[in-house]
Amino acid sequence: MDKYANYDDLKQHEKEGEDYVILLRENNSRIAVIATHGGGIEPGTVDIADGIASSEHTFYAFKGIKRKGNAVLHITSNKFDEPKGVRLAENADVVVSIHGYQGEDEVVFIGGKNQGLKEKIRYMLNEAGFYAEISTKTGLRGQHPENICNRCRSGEGVQLEISRGLRDRMFDNLDRRSWRKKTRLFFEFVDTLREALG
């Protein structure tokens with residue numbers, strides 16, 4: 001269970017710039033790539049979203065920067081209502097939301113309401129040597145209309161849940177931000193996603 005019900009609740013107890021930061025870069029693109037559980041909440045997700053968005057697509061991240069205990073900053077995707085993030089999502093035709101899943105297997109669970117893009121991403125990731133599947137797991141399906149990935153103009157976004165095992169291979173020292181380096185696998189993953197969105 002999340003400690004905070006929504007952003008207003010979180011904002012009363014946590015300080016922007018000290019406990020969390022909001023990153024955004026708006027581009028004239030119909031696609032927004034976001035990471036709502038970035039930084040210490042789900043490590044590596046901001047780097048992945050930023051890499052996929054690059055200079056082409058709109059990018060947004062809510063990033064936990066506490067020295068420890070960032071898990072309290074997690075607001076579930078169906079209730080994530082930080083105003084800048086919601087505005088960016090609502091201005092995009094399609095939102096691709098990047099998340100970190102705890103499993104040690106190297107897998108990507110694909111959720112969201114955009115069936116066509118989900119299938120394209122699944123196919124391209126598997127072709128590139130990753131293991132991706134359309135999620136049937138409760139909590140990882142991304143079907144709720146209020147899920148931030150589906151709050152785009154089309155009402156149909158994509159949610160990618162990237163396992164801890166796979167994220168560990170995308171970075172050296174995933175948990176040590178200052179020492180973290182991106183591996184070749186990171187760039188292969190990001191390039192595959194960029195191609196899928198192209």
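In this report, Ala, Val, Leu, Ile, Met, Phe, Trp, Tyr, Cys and Pro count as nonpolar, Asp, Glu, Lys and Arg as charged, and the others, Gly among them, as polar. With these classes in hand, we can look at the open spaces in the structure. Please keep in mind that this is a predicted model.

## The largest pocket

Rolling a probe the size of a water molecule over the atoms shows where empty space is left. In this structure, the largest pocket holds about 350 Å³ of space. Its lining is made up of 20 residues, and T76, G139, L140, Q159 and E161 are the closest to its centre. Two elements each give two or more residues to this lining, namely β4 (94–101) and β7 (158–163). Which of the elements gives the most? The answer is β4, with 3 residues.

What kinds of residues surround this pocket? Sorted into the classes above, the lining of the largest pocket has 15 polar residues, 3 charged ones and 2 nonpolar ones.

## The second pocket and a cavity

The second largest pocket has a volume of about 260 Å³. It is lined by 13 residues, and those nearest its centre are G40, K66, N70, D175 and R177. Here the lining divides into 6 charged, 4 polar and 3 nonpolar residues.

How many cavities of 30 Å³ or more does a search of the whole structure find? There is 1. The largest cavity has a volume of about 40 Å³, and its lining consists of G39, G44, V46, D47, K63, R177 and R180. By class, 4 of these are charged, 2 are polar and 1 is nonpolar. You can find R177 in two places in this story: near the centre of the second largest pocket and in the lining of the largest cavity.

The table puts the three spaces side by side.

| Space | Volume | Nonpolar residues in lining | Polar residues in lining | Charged residues in lining |
|---|---|---|---|---|
| Largest pocket | about 350 Å³ | 2 | 15 | 3 |
| Second largest pocket | about 260 Å³ | 3 | 4 | 6 |
| Largest cavity | about 40 Å³ | 1 | 2 | 4 |

## Helix α2 and its surroundings

Now let us turn to a helix. Is helix α2 (residues 45–53) largely enclosed or largely open? Since 7 of its 9 residues are buried, α2 is largely enclosed by the rest of the structure. The buried residues of α2 are T45, V46, D47, I48, A49, I52 and A53. Two of these names, V46 and D47, also appear in the lining of the largest cavity.

T45 makes a good example from this helix. Its relative accessibility is 0%, and buried means under 20%, so T45 counts as buried. T45 and E161 are 116 residues apart along the chain, yet their C-alpha atoms are separated by 9.5 Å. You have already met E161, as one of the residues closest to the centre of the largest pocket.

Two packed helices are described by the angle between their axes and the distance between the axes. For α2 and helix α6 (residues 184–197), the angle is about 45° and the axes are 8 Å apart. This angle makes α2 oblique to α6. The crossing of the two helices, α2 and α6, is right-handed.

## Two residues with a positive phi

Most residues other than glycine have a negative phi, and most peptide bonds are trans. What is the phi of S54, which is not a glycine? It is positive, at about 50°. S54 follows α2 and sits in the loop between α2 and β3. With a relative accessible area of 29%, S54 is partly exposed.

N173 also has a positive phi, about 60°, and is not a glycine. Look for N173 in the loop between β8 (171–172) and β9 (181–182). N173 counts as partly exposed, at 41% relative accessibility.

## Two more residues to find

Is Y60 buried or exposed? Y60, which lies in strand β3 (residues 58–64), is buried, with a relative accessible area of 1%. Y60 and K84 are 24 residues apart in sequence, and 8.5 Å lies between their C-alpha atoms.

D81 belongs to the loop between β3 and α3 (83–91). This residue, D81, is partly exposed, with a relative accessible area of 30%. The C-alpha atoms of D81 and V95 are separated by 15 Å, and the two residues are 14 apart along the chain.

Notes:
Residues are numbered from 1 along each chain as its sequence is written. This is a predicted model: local features need pLDDT of at least 70, side-chain atom pairs count only at pLDDT 80 or more; totals for chains, interfaces and linings use all residues. Side-chain values use heavy atoms; hydrogens and water are left out. On a 1 Å grid over the protein atoms alone, a cavity is a set of points where a 1.4 Å probe fits but cannot get out, and a pocket is an open set with protein on both sides within 12 Å along at least five of seven lines; lining residues have an atom within 4 Å of a point. Grid points are joined across faces, edges and corners, and a volume is the space filled by probe spheres set on the points. Helices (H or I, at least four residues) and strands (E, at least two) are DSSP runs, numbered from the N terminus. Buried means under 20% relative accessible area, exposed over 50%, partly exposed in between (1.4 Å probe, protein chains only). Axes are lines fitted to C-alpha atoms, for helices over the stretch in contact, and angles run from 0 to 180 degrees between N-to-C directions. Angles under 35 degrees count as roughly parallel, over 145 as roughly antiparallel, 65 to 115 as roughly perpendicular and the rest as oblique. A crossing is left-handed if the near helix is turned anticlockwise from the far one by less than a right angle, and right-handed if clockwise.
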